[in-house]
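Hi,

Here is the model I said I'd pass on. Have a look at it first, and my notes follow below.

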Amino acid sequence: MTLLSKTRRLTKRLLGPNSATLHDARGGRILLVIECILNQNARDRGAASCAAMNRELVSLCLDQNIGLLQIPCPEIRALGWERKRPAGNSLREALDTPEGRASCRKLARDMADRVEQYQAVGYEILGVVGGNEQSPGCAVHHVPAGDPHAPLSQESGLLMQALDETFILRGVDIPIVQLRDADASKLVSDLQWLKQTMTATGEDDKGDSES
Ligand code: SF4
């Protein structure tokens with residue numbers, strides 16, 4: 001465990017949502033997810049993987065008492081639901097403009113503000129869950145690959161890059177991971193990673209409260 005995460009855990013124990021000021025049912029752990037994980041209607045035509053939301057991730061969070069904070073879709077914010085763009089332009093090209101990047105940076109700052117507000121009163125932010133490998137807004141590609149705390153490459157979606165840069169600037173150390181629902185085997189592996197991480201942090205918290 002890093003010094004930063006030890007400090008955060010100590011802060012949570014001193015000030016956190018289970019402190020004397022907040023005796024209620026909340027679990028105190030939050031995961032940020034991109035809009036379409038909870039609302040497939042946000043996806044571009046032909047890109048929805050299910051009717052409504054990713055049932056497996058939602059069930060996992062319900063089982064683990066983890067709240068979900070939804071990040072608005074960067075494509076819809078910048079381009080509208082129709083993703084309007086000049087003929088022949090890819091979605092990536094349409095989003096990768098000064099205006100599109102500025103829109104993603106603004107969204108990243110707003111989400112980082114929310115993360116910091118929660119962390120300041122002791123909530124545990126488990127991470128950010130992005131999208132499929134080709135998503136212009138939300139793809140997640142780390143360098144080196146496989147390390148969810150490593151910086152993101154230029155191949156990543158523009159919003160994920162903006163979030164990564166904002167978190168680094170502000171010293172916010174939370175993992176950015178992917179949920180690749182366009183590929184069944186990758187989805188299984190991504191869900192397994194999330195389950196292990198959620199269970200491990202839940203056990204840590206139990207240990208903290210018992211110690
Ligand atoms: S840009 Fe992101 S949030 Fe929007 S539909 Fe694509 S993957 Fe989902």
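Let me start with the sheet: strand 1 (residues 29-34) and strand 3 (124-130) pair in the parallel sense over 5 bridges. Strands here, like helices, are DSSP runs numbered from the N terminus (E, at least two residues, for a strand; H or I, at least four, for a helix), and two strands pair if DSSP finds at least two bridges between them. Within that pairing, Ile30 stands opposite Ile125 of strand 3. Strand 3 is also joined to strand 4 (176-178) by 3 bridges, again parallel, and Gly130 has Gln178 of strand 4 as its bridge partner. Between those two strands the chain passes through helix 7 (158-170), making a right-handed β-α-β crossover. Right-handed means that, with the strands pointing away from the viewer, the path from the first strand over the helix to the second runs clockwise.

Two things to keep in mind while you read. This is a predicted model, where local features need pLDDT of at least 70, side-chain atom pairs count only at pLDDT 80 or more, and totals for chains, interfaces and linings use all residues. Residues are numbered from 1 along each chain as its sequence is written.

Overall, the protein has 8 helices and 4 strands, in the order α-β-α-α-β-α-α-α-β-α-β-α. Of its 211 residues, 33% are buried. Buried means 20 or more other C-beta atoms within 10 Å of the residue's own, exposed means 12 or fewer, and partly exposed is in between, with C-beta atoms placed from the backbone. Strand 3 has 6 of its 7 residues buried, so it is largely enclosed by the rest of the structure.

Helix 7 looks regular in length: its 13 residues should span 18 Å at 1.5 Å a residue, and the end C-alpha atoms are indeed 18 Å apart. (The expected span is 1.5 Å times one less than the number of residues.) Its buried residues include Leu158, Leu163 and Phe167, and the elements covering the buried residues include helix 6 (98-120), strand 3 and strand 4. After the helix comes Gly171, with a positive phi near 70 degrees.

What is around the ligand? The shell is Ile34, Glu35, Cys36, Ala42, Arg43, Cys73, Pro74, Glu75, Gly131, Ser135, Gly137 and Cys138, each counted as near if its C-beta atom, placed from the backbone, lies within 6 Å. Helix 2 (35-38) and helix 4 (74-79) each supply at least two of the shell residues.

The loop between strand 3 and helix 7 deserves a look too. Asn132 sits in it and is buried, with 21 other C-beta atoms within 10 Å. Leaving out residues up to four places away in sequence, Asn132 touches Ala139, Arg180, Asp181 and Ala182; contact means C-beta atoms, placed from the backbone, within 7 Å. The C-alpha atoms of Asn132 and Arg180 are 4.4 Å apart, with their positions 48 residues apart along the chain. Pro144 is in that loop as well, and the peptide bond from Val143 to Pro144 is cis, omega near 0 degrees.

Last, the backbone oddities. Most residues other than glycine have a negative phi, and most peptide bonds are trans. Asn65 has a positive phi near 60 degrees and is partly exposed, with 14 other C-beta atoms within 10 Å. Arg83, in the loop between helix 4 and helix 5 (91-95), has a positive phi of about 50 degrees.

Cheers

How values were computed: Two residues are in contact if their C-beta atoms, placed from the backbone, lie within 7 Å.
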